[in-house]
Amino acid sequence: YISFSALIDSAGAPANSNVLFELCCSMGYDMIKGDVRLTSANGIVMCHDKGFTLNENGRIIGYEPKNKTKIHDMTFQQCMSLQYETNYNGQNVSVCDFETFLSICSRYNKSALITIRNEYIDELVESMMPLIYKYKMQDRCIINSNELNSLETVKRFDETIRLSWIIKNGELTMEVVDKASALGNCTLTLYSFWVENGGMEMLDS
C-alpha cells in the first residue's frame with residue numbers, strides 16, 4: 001500500500017510534513033509518498049506546490065498561485081523556519097526537509113515514492129541522489145514524475161534507480177509504452193480522481 005496524503009485521514013497533519021510521514025508509517029503503509037522542491041542554493045524541502053501561501057502571522061495556510069512565496073526564491077533555512085497554521089495534537093508543525101523524509105522511511109523500513117517536477121531538474125537530481133545513497137534507499141525508492149525528461153535525467157545519474165511515469169487515463173498509447181520501456185526499470189502509473197461534496201477519491205492507479 002502507498003500513502004497518498006490527499007486521501008489519508010491525517011487528523012490534521014499537514015501534507016508533506018514529518019508528522020504525516022510518521023503517521024503513515026505507523027498506519028502500516030508499505031511505501032511513503034513525498035513531493036520534493038528545490039530551494040535556492042540547492043536545498044530540498046518537501047512540498048507539493050511551487051511555493052507557500054502565508055497568513056498575516058507568517059504561517060503556511062496552503063498554496064494560492066497569485067499569492068505565494070516561491071520555494072526556489074527562498075533559502076533552505078528560510079523554508080525550514082516556516083510553520084504551518086494547522087497544529088497537530090497541539091504542537092507546531094514545521095516544513096520537512098528531504099533528508100528527514102528519507103530518515104523516517106529508513107527508520108521504519110519503508111519504501112519511498114519520491115515525486116519530482118520538471119523544474120531545476122539537473123540541480124535537483126544532483127542534490128537528491130547523494131541523500132538517497134546516504135540512507136541506502138536506492139533499492140527502496142521509486143522516482144515518480146509526469147515528465148519523461150525528468151525521469152531521463154534521473155536515469156543518466158543512476159541507471160539502476162526505479163522510475164514511475166505518471167500517465168492520465170486515456171493517454172496510454174503504444175508510443176508511451178515504448179518510451180517507458182526504453183528507459184528501463186520504469187513502470188507506468190495510471191491515475192484518475194473523482195470529486196464529490198468536497199472530497200476526493202482515487203479511482204484507479
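Student: Is Asp35 buried or exposed in this structure?

Tutor: A residue counts as buried when its relative accessible area is under 20%. In this predicted model, Asp35 has 3% relative accessibility and is therefore buried.

Student: Which residue forms a salt bridge with Asp35?

Tutor: Side chains of opposite charge can pair when their charged atoms come close. Here the partner of Asp35 is Arg117, with the closest N and O atoms 2.9 Å apart. Arg117 lies in the loop between β6 and α4 and Asp35 in strand β1, so this pair ties together parts that are 82 residues apart in sequence.

Student: How many salt bridges does a search of the whole structure find?

Tutor: The search finds seven salt bridges. Another of these pairs is Glu99 with Lys134, whose closest N and O atoms are 2.5 Å apart. Because Glu99 belongs to helix α3 (residues 98-107) and Lys134 to helix α4, the pair ties together parts that are 35 residues apart in sequence. Glu99 is partly exposed at 24% relative accessibility, and Lys134 is exposed at 51%.

Student: What separates Glu175 and Lys179 in helix α6?

Tutor: Glu175 and Lys179 are four residues apart in helix α6 and are thus separated by about one helical turn. Their salt bridge has its closest N and O atoms 3.4 Å apart. Glu175 is exposed, with a relative accessible area of 52%, whereas Lys179 is partly exposed at 37%.

Student: Which residues do salt bridges with shared partners join into one network?

Tutor: That network consists of Lys33, Asp35 and Arg117.

Student: Where does Arg117 appear among the cavity features, and which residues line the largest cavity?

Tutor: A cavity is a space where a probe fits but cannot get out. The whole structure has one cavity of 30 Å³ or more, and the volume of the largest cavity is about 100 Å³. Arg117 is one of its lining residues, which also include Val36, Lys50, His72 and Tyr120. Strand β1 (residues 31-38) gives the most to this lining, with three residues. By class, the lining has five nonpolar, one polar and five charged residues.

Student: What is the phi of Tyr120, and where is this residue found?

Tutor: Tyr120 has a positive phi of about 50° although it is not a glycine. Tyr120 is found in the loop between β6 (111-115) and α4 (121-134), and it is partly exposed at 30% relative accessibility. Lys136 likewise has a positive phi, near 55°, in a residue other than glycine. Lys136 lies in the loop between α4 and β7 (141-145) and is exposed, with a relative accessible area of 63%.

Note on methods. Residues are numbered from 1 along each chain as its sequence is written. This is a predicted model: local features need pLDDT of at least 70, side-chain atom pairs count only at pLDDT 80 or more; totals for chains, interfaces and linings use all residues. Side-chain values use heavy atoms; hydrogens and water are left out. On a 1 Å grid over the protein atoms alone, a cavity is a set of points where a 1.4 Å probe fits but cannot get out, and a pocket is an open set with protein on both sides within 12 Å along at least five of seven lines; lining residues have an atom within 4 Å of a point. Grid points are joined across faces, edges and corners, and a volume is the space filled by probe spheres set on the points. Helices (H or I, at least four residues) and strands (E, at least two) are DSSP runs, numbered from the N terminus. Ala, Val, Leu, Ile, Met, Phe, Trp, Tyr, Cys and Pro count as nonpolar, Asp, Glu, Lys and Arg as charged, and the others, Gly among them, as polar. Buried means under 20% relative accessible area, exposed over 50%, partly exposed in between (1.4 Å probe, protein chains only). A salt bridge is a side-chain nitrogen of Lys or Arg within 4 Å of a carboxyl oxygen of Asp or Glu.
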